[in-house]
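Me: I'm new to this one, so could you walk me through it in small steps? Let me have a look at it first.

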Amino acid sequence: MTIKIAIFIIGLIATPGIATAATCSRINLTRCLDSACAINLSANPSARCQYCGTADAGTPPTNLRAVGTAASKNTISARDLKSAPSDPGERYIWATEKCLSMVANCTTDDVDETYDELIEKSCNAAGLAMDTSKLQKQVTTNTKTQSACTNEITVCMTADNKCGANYSKCTDDAAFDGFFATCAVNATGCTNFTRGALDTIDAARKSTLSATSANIDTIANAHKNTREQKLSSINSGCKNDSDFNKCINTVCQNNTVDNCATDKTIATTLCEFHKTACTKIK
């Protein structure tokens, strides 16, 4: 199974440059699932099979029903466990949904690869054989949603080797369609939600590209306006030798006793660069 449910932050779509998703802590995921499926495992090796495997393993002993691990942010609380289904298959699905919401960045793939084997071993300890493929199908059928599929495909689409976080590699519709086809196929169990995911992601792409284009235009226009303002200022200073004469007055005031009343030759020479510059800027 290649299901990859990701927790998608909405800023990923709206803002270019989102960080890549972190990895799942399978240790915390196992701890969370154990809080519902492995109660008092040390005293009952068949616990995982009895709680989250198959009813054929028998009902867990009454005196082993209490939660055996201390409550934490990575375990299902005793209060929530009171509403857990009694049927092992339903309980496993219920625990999966709970734990995927509690342990960040994990997917049903992580559950399959981390916990199915533990249940299988537990059932072997109870002298039973488990059909894990059937168990996986149950989990898949009950955990997929439109939102989960859209998030999953979005994470795939915004990877660096596809559209990129700001969709810069998908300005062309054909490129976008090609990447979407690949990501949709990899999102197992999302067939019924593909159309909705396509509409949502394409809208995000167009919005992001439009915003990027607008930002580029704004920056370009700002530089253009600045250049035009400077040019206007320079041309104004060149008109009637305005800046040249101001330069001479400043030099005379700051460097002569009589304000160049007798001779402006030196000041004129020092300020000649204004006239030279004005001949170059027209």
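Reply: Before we start on loops, one term: helices here are DSSP runs of H or I with at least four residues, numbered from the N terminus. With that in hand, Gly58 can be placed in the loop between helix H3 (47–52) and helix H4 (78–81). Keep in mind that this is a predicted model.

Me: Okay. How many helices and strands does the chain have?
Reply: Read along the sequence, the pattern goes α-α-α-α-α-α-α-α-α-α-α-α-α. Counting both kinds of element, the chain has 13 helices and 0 strands.

Me: What share of the residues counts as buried?
Reply: Buried means under 20% relative accessible area. The chain has 282 residues, and the part of them that counts as buried is 38%.

Me: And what share of the contacts is between residues 24 or more positions apart?
Reply: Take the contacts in the chain with a separation of 6 or more. Within that set, residues 24 or more positions apart account for 66%.

Me: Back to Gly58: is it buried, exposed or partly exposed?
Reply: Its loop runs between H3 and H4. The C-alpha atoms of Gly58 and Ala47 are separated by 9.7 Å, with their positions 11 residues apart along the chain. Partly exposed covers the range between under 20% and over 50%, so with a relative accessible area of 29%, Gly58 is partly exposed.

Me: Let's do some packing. At what angle do H2 and H5 pack?
Reply: H2 covers residues 26–37 and H5 covers residues 88–102. H2 passes H5 in a right-handed crossing. Their axes are 9 Å apart, and the angle is about 145°.

Me: Which residues of H5 does H2 meet?
Reply: From the H2 side come Leu29, Cys32, Leu33, Ala36 and Cys37. The residues of this contact divide into 10 nonpolar, 1 polar and 1 charged. On the H5 side, the partners are Arg91, Tyr92, Trp94, Ala95, Thr96, Cys99 and Met102.

Me: How is the aromatic pair of Tyr92 and Tyr115 arranged?
Reply: A search of the whole structure finds 2 aromatic pairs. For Tyr92 and Tyr115, the ring centres are 6.1 Å apart and the planes make an angle of 35°. Planes under 30 degrees apart would be stacked and over 60 edge-to-face, so this pair is tilted.

Me: How many residues apart in sequence are the parts that this pair ties together?
Reply: Tyr92 is buried, and Tyr115 is too. Tyr92 lies in helix H5 and Tyr115 in helix H6 (residues 108–125), so the distance in sequence between the parts tied together is 23 residues.

Me: Which ring does the charged end of Arg205 sit over?
Reply: The distance from that charged end to the ring centre is 4.4 Å. The ring belongs to Phe176.

Me: Which ring does the charged end of Lys275 sit over?
Reply: Here the charged end is 4.5 Å from the ring centre. The ring is that of Phe244.

Me: Is Tyr167 buried or exposed?
Reply: Tyr167 is in the loop between helix H8 (146–157) and helix H9 (173–186). Its phi is near 60°, a positive value in a residue other than glycine. Most residues other than glycine have a negative phi. At 0% relative accessibility, Tyr167 counts as buried.

Me: How about Asn40: what is its phi near?
Reply: Asn40 lies in the loop between H2 and H3. At 23% relative accessibility, Asn40 counts as partly exposed. Phi of Asn40 is positive, in a residue other than glycine, and is near 55°.

Me: Which residues is Lys162 in contact with, leaving aside its neighbours within four places in sequence?
Reply: Lys162 is in the loop between H8 and H9 and counts as buried at 15% relative accessibility. The C-alpha atoms of Lys162 and Phe176 are separated by 8.4 Å. Its contacts beyond those neighbours are Cys156, Met157, Lys169, Phe179, Thr182 and Cys183.

Me: Last one: how far apart in space are Gly127 and Ser46?
Reply: Gly127 lies in the loop between H6 and helix H7 (132–143). It is exposed, with a relative accessible area of 62%. Gly127 and Ser46 are 81 residues apart in sequence, and from C-alpha to C-alpha the distance is 9.2 Å.

Notes:
Residues numbered from 1 in each chain as written. Predicted model: local features only at pLDDT ≥ 70, side-chain atom pairs only at ≥ 80, totals over all residues. Heavy atoms only, no water. Axes fitted to C-alpha atoms, helices over the stretch in contact; angles between N-to-C directions. Helix = DSSP H or I, 4+ residues; strand = E, 2+ residues; numbered from the N terminus. Left-handed = near helix turned anticlockwise from the far one by under 90°. Contact = heavy atoms within 4.5 Å. Nonpolar A, V, L, I, M, F, W, Y, C, P; charged D, E, K, R; others polar. Phe/Tyr/Trp six-rings, centres within 6.5 Å; stacked < 30°, edge-to-face > 60°. Buried < 20%, exposed > 50% of the residue type's maximum accessible area, 1.4 Å probe, protein only. Lys NZ or Arg CZ within 6 Å of the ring centre and 35° of its normal.
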